[in-house]
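User: Could you walk me through this structure? I'd like to go from the strands to the side chains, and I'll interrupt as we go.

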Amino acid sequence: IDGGAVNWHDGANKGSIKTSSFTNNSAENKGGAVYWKGHEGSIEDSNFTKNTALKGGAVYWTGIDANIKNSRFVLNNASEGGAVFLENCTHGDKIHMVISDSYFEKNSAKNDGGAINWNDGKDMTVQTTQFVNNTAKRGGAIFINALGDYLITESDFTYNEAILGGAAYLNVENNATIDYSTFDYNKAVQG
C-alpha cells in the first residue's frame, strides 16, 4: 500500500538515497516511489519520474530533519503533493525540512501542492530550487498548511498554475519569508 519502490517504516533513522532513479512506481496510499518514516534522512542526486500515489506521488516523508538536495522530480502525480508530501510525525518537537538545488517540473496534484505539500509540520527551507509547470487546486508548486517558520529563497517559479495560489499557497501561523526569488508567468484562476 505504501512505498511503491521503497518502504522505510518506523525507525528508518539516518538513512540516505543517493544517485538513484525512480520511474513509473506507484502506491495505493502514500509514497509512489518512497515511503519514509524516520529521522535525519537525505535524498541526494536522484531522479523521480512518473511516480503516482494518493499522497506524495514520488515521496511521502514523516519524521524529524530531512534533506532533499540536487534532485529532479518530473511528471509525478498524486491527490495531495504531486511530487513530495511531508507530514508531521507523532514524536519529536522540531521537524525541519530543507529542499535545495532541486528541480520540479510538470508535477500535479488533484488537490493541494502540485510539487510539494507540507502538511502540519514545522520549519521548512526551500533554496536554489526551480519549479516549472506544476499544477494543483491550491498551490501550483507549493502548498504549506502548518505551524513554524518557512523560508523560500533564491528559487524560481515559472508557469505554475492553480485555482488559488498559482505558485504557492501559504497558510502559516508563524513567519513566512520569500526572498531573492523569481516568479514569472504563474497563474491563479481565483485570487
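**Rings, charges and strands**

Analyst: Let me begin with one ring: Phe-143 is buried, its relative accessible area being 3%. Please keep in mind throughout that this is a predicted model.

User: How many aromatic pairs are there by the rule used here?

Analyst: The count comes to 11 aromatic pairs. In one of them, the rings of Phe-143 and Tyr-169 have their centres 5.4 Å apart and their planes at 15°, so this pair is stacked.

User: And where do Phe-143 and Tyr-169 sit in the chain?

Analyst: Phe-143 belongs to strand E18 (residues 142-146) and Tyr-169 to strand E22 (residues 168-172), so that pair links distant parts of the chain, 26 residues apart. Tyr-169 is partly exposed, with a relative accessible area of 23%.

User: What about Tyr-159 and Tyr-185, how are their rings arranged?

Analyst: Their centres are 5.1 Å apart and their planes are at 10°, so Tyr-159 and Tyr-185 are stacked. This pair links distant parts of the chain, 26 residues apart, with Tyr-159 in the loop between E20 and strand E21 (161-164), and Tyr-185 in the loop between strand E24 (182-184) and E25.

User: Is Tyr-185 buried or exposed?

Analyst: Tyr-185 counts as exposed, at 61% relative accessibility, while Tyr-159 is partly exposed, with a relative accessible area of 44%.

User: Which residues do ring pairs link into a cluster?

Analyst: The cluster consists of Phe-22, Phe-48, Phe-73, Phe-104, Phe-131, Phe-157 and Phe-183, linked by ring pairs.

User: Switching to charges, how many salt bridges does the rule give?

Analyst: The count comes to one salt bridge. It is formed by Arg-138 and Asp-112, whose closest N and O atoms are 3.0 Å apart. The two residues are 26 residues apart and link distant parts of the chain, with Arg-138 in strand E17 (residues 135-138) and Asp-112 in strand E13.

User: How accessible is Asp-112, and how accessible is Arg-138?

Analyst: Asp-112 is buried, with a relative accessible area of 10%, whereas Arg-138 counts as partly exposed, at 30% relative accessibility.

User: Which ring does the charged end of Arg-138 sit over?

Analyst: The charged end of Arg-138 sits over the ring of Tyr-169, 5.0 Å from the ring centre. Arg-138 therefore appears twice in this account, once in the salt bridge with Asp-112 and once over Tyr-169, whose own ring is stacked with that of Phe-143.

User: OK, back to the backbone. In what order do the strands of the open sheet run?

Analyst: Six strands make up the open sheet, in the order E6-E9-E13-E17-E21-E25, and their pairing is parallel. Strand E6 (52-55) and strand E25 (187-188) stand at the edges with a single partner strand each, so one side of each has no neighbour in the sheet.

User: How many bridges join E9 and E13?

Analyst: Strand E9 (residues 77-80) pairs with strand E13 (residues 108-112) in the parallel sense over three bridges. One residue to look at here is Glu-80, whose bridge partner in E13 is Asp-112, and Asp-112 is also the residue that forms the salt bridge with Arg-138.

User: Which non-glycine residues should I check for a positive phi?

Analyst: Lys-50 has a phi near 55°, and Glu-154 has a phi near 50°. For context, most residues other than glycine have a negative phi. Lys-50 lies in the loop between strand E5 (47-49) and E6, and Glu-154 lies in the loop between strand E19 (150-153) and strand E20 (156-158).

User: How accessible are Lys-50 and Glu-154?

Analyst: Lys-50 counts as partly exposed at 44% relative accessibility, and Glu-154 counts as partly exposed at 48%.

User: What does Asn-25 touch beyond its sequence neighbours?

Analyst: Leaving aside neighbours within four places in sequence, Asn-25 is in contact with Ala-5, Gly-32, Ala-33, Lys-50, Asn-51 and Thr-52. Asn-25 is found in the loop between strand E3 (21-23) and strand E4 (34-44), and Asn-25 is buried, with a relative accessible area of 17%.

User: One last thing, how far apart are the C-alpha atoms of Ile-64 and His-96?

Analyst: Those C-alpha atoms are separated by 6.2 Å, although Ile-64 and His-96 are 32 residues apart along the chain. Ile-64 is in strand E7 (residues 59-69) and is buried, with a relative accessible area of 15%.

Key: Residues are numbered from 1 along each chain as its sequence is written. This is a predicted model: local features need pLDDT of at least 70, side-chain atom pairs count only at pLDDT 80 or more; totals for chains, interfaces and linings use all residues. Side-chain values use heavy atoms; hydrogens and water are left out. Two strands pair if DSSP finds at least two bridges between them. Helices (H or I, at least four residues) and strands (E, at least two) are DSSP runs, numbered from the N terminus. Buried means under 20% relative accessible area, exposed over 50%, partly exposed in between (1.4 Å probe, protein chains only). Contact means heavy atoms within 4.5 Å. A salt bridge is a side-chain nitrogen of Lys or Arg within 4 Å of a carboxyl oxygen of Asp or Glu. Rings of Phe, Tyr and Trp (its six-membered ring) pair if their centres lie within 6.5 Å; planes under 30 degrees apart count as stacked, over 60 as edge-to-face and the rest as tilted. A charge sits over a ring if NZ of Lys or CZ of Arg is within 6 Å of the ring centre and within 35 degrees of the ring normal.
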